[in-house]
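Open the model in your viewer and show side chains as sticks. This tour tells you what to select at each stop.

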Amino acid sequence: MVITWKDIVKQEGSVAAAYASIHKRKFKRVSHGIYVDDGEYISELEQLFVRYPRATLTMQSAFDYYELSDYVPEKYHLVTPYNAHTIDNNKVAQSYMDKKTMEIGRETIKTDYGYIKIFNIERMLIELFRLKSKLSHGYFLEVVSSYRVLKASGAISLKKVSEYCKKLTYGERILREIQEMI
């Protein structure tokens with residue numbers, strides 16, 4: 001199980017006891033402030049979510065996770081609330097969003113390597129159209145094509161998309177664009 005330094009101190013009762021348990025190899029250090037207690041593998045992505053629990057996987061990283069594109073991003077695309085600290089990691093592309101908007105369609109998913117926070121597939125459709133000017137035209141069309149396949153198979157809920165759009169600024173415009181293309 002993944003555990004942070006603060007949690008080890010709380011579990012062991014003091015900083016001295018925490019250092020002693022690390023010295024006795026009860027916990028194995030994975031990176032600064034992150035430990036595992038059973039020697040299991042922890043992915044780089046899971047480390048990011050332990051370190052930045054308010055972050056959510058989005059854009060190219062989420063499209064890659066949902067296998068909507070063949071493109072494998074070079075960086076992890078994470079969105080955090082406006083008041084969050086800057087993520088100082090050259091493998092992360094960070095963007096900001098208000099807290100209420102971030103909660104729409106946000107899920108915690110258990111992967112092979114642990115838990116990640118990600119927008120669900122319906123919310124990612126909205127993000128695709130909301131931020132299409134930041135994507136290449138070819139990439140945008142590739143993901144739209146994948147969404148068309150999902151719609152044809154019934155794997156996506158357009159009712160959810162509509163509900164989410166009602167909660168967003170410019171949601172009506174985005175919903176019209178989605179209905180025209182998907």
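Select glutamate 127 first: it is buried, at 1% relative accessibility (buried means under 20% relative accessible area, exposed over 50%, partly exposed in between; 1.4 Å probe, protein chains only). This is a predicted model, in which local features need pLDDT of at least 70 and side-chain atom pairs pLDDT 80 or more, while totals for chains, interfaces and linings use all residues. Residues are numbered from 1 along each chain as its sequence is written, and side-chain values use heavy atoms, without hydrogens and water.

Add arginine 123, buried at 0%. Its salt bridge with glutamate 127 has closest N and O atoms 3.0 Å apart (a side-chain nitrogen of Lys or Arg within 4 Å of a carboxyl oxygen of Asp or Glu). The two sit four residues apart in helix α6 (residues 121–130), so about one helical turn separates them. Now add Arg130: salt bridges with shared partners join Arg123, Glu127 and Arg130 into one network. Helices are DSSP runs of H or I, at least four residues; strands are runs of E, at least two, numbered from the N terminus.

Next, pick lysine 91 and glutamate 44. Their salt bridge spans 2.8 Å between the closest N and O atoms. Lysine 91 is in the loop between β5 (76–81) and β6 (92–97), glutamate 44 in helix α3 (residues 44–51), 47 residues apart. Lysine 91 is partly exposed at 39%, glutamate 44 likewise at 33%.

Last stop: valine 36, in strand β3 (residues 34–36). Valine 36 is buried at 1%. Its C-alpha is 5.4 Å from that of methionine 1, 35 residues away along the chain.
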